[in-house]
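Biologist: Before we discuss individual features, may I see the sequence and the coordinates together?

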Amino acid sequence: MKGTLVLLVLVLAVVAAFAVQNPGFITVWFLNFSWSTSLLVVIVSAFAAGALAGWLAGLPGYFRRRGETMSAHKRIQELEIETAALKGKIAPPAAPGGEGKR
């Protein structure tokens, strides 16, 4: 946690130094729109858009890993029940389809 805070302070210091050294305004064009803004706003916006794109690109892998983890956890629970039943600690799970044949 302390390292993250130190890193955040360093990044903010770099951004502040960049803002002080580049106070000029530029005109940004996109399609038929144009607006004047500082160079810092353009660079920070581009960085944020890139970070968002990277985060969105990682979402499918996150959901895939979460699904695999959930199925592995379920399988572990099944195996623990089976192991306990084999050791005689608990009664084995009932067979699906009723109480069995006589």
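Modeller: Let us begin with the pocket. Helix α2 gives the most to the lining of the largest pocket, with 4 residues. Please bear in mind throughout that this is a predicted model.

Biologist: Which elements give two or more residues to the lining of the largest pocket, and which residues line this pocket?

Modeller: The lining consists of Val14, Val15, Phe18, Leu40, Ile43, Val44 and Phe47. The elements that give two or more residues are α1, spanning 2-21, and α2, spanning 39-86. The pocket itself has a volume of about 160 Å³.

Biologist: How do the residues of the lining divide into nonpolar, polar and charged?

Modeller: The lining holds 7 nonpolar residues, with no polar and no charged ones.

Biologist: How should I read the strands, and in which sense do β1 and β2 pair?

Modeller: As a general idea, side chains in a regular strand alternate between the two faces of the sheet. In this structure, β1 (residues 25-30) and β2 (residues 33-38) pair in the antiparallel sense, over 6 bridges. Phe25 stands opposite Ser38 in β2.

Biologist: What lies between the strands of this hairpin?

Modeller: The hairpin of β1 and β2 has 2 residues between its strands, and Leu31 takes a positive phi near 55° there.

Biologist: What is the average pLDDT of the protein, and which elements have the lowest and highest means?

Modeller: In general, predicted coordinates should not be read in detail where pLDDT is low. Here the protein averages 84, and 86% of the residues score at least 70. Among the elements, α1 has the lowest mean pLDDT, 84, and α2 the highest, 90.

How values were computed. Residues are numbered from 1 along each chain as its sequence is written. This is a predicted model: local features need pLDDT of at least 70, side-chain atom pairs count only at pLDDT 80 or more; totals for chains, interfaces and linings use all residues. Side-chain values use heavy atoms; hydrogens and water are left out. On a 1 Å grid over the protein atoms alone, a cavity is a set of points where a 1.4 Å probe fits but cannot get out, and a pocket is an open set with protein on both sides within 12 Å along at least five of seven lines; lining residues have an atom within 4 Å of a point. Grid points are joined across faces, edges and corners, and a volume is the space filled by probe spheres set on the points. Ala, Val, Leu, Ile, Met, Phe, Trp, Tyr, Cys and Pro count as nonpolar, Asp, Glu, Lys and Arg as charged, and the others, Gly among them, as polar. pLDDT is the predictor's confidence in each residue, from 0 to 100. Two strands pair if DSSP finds at least two bridges between them.
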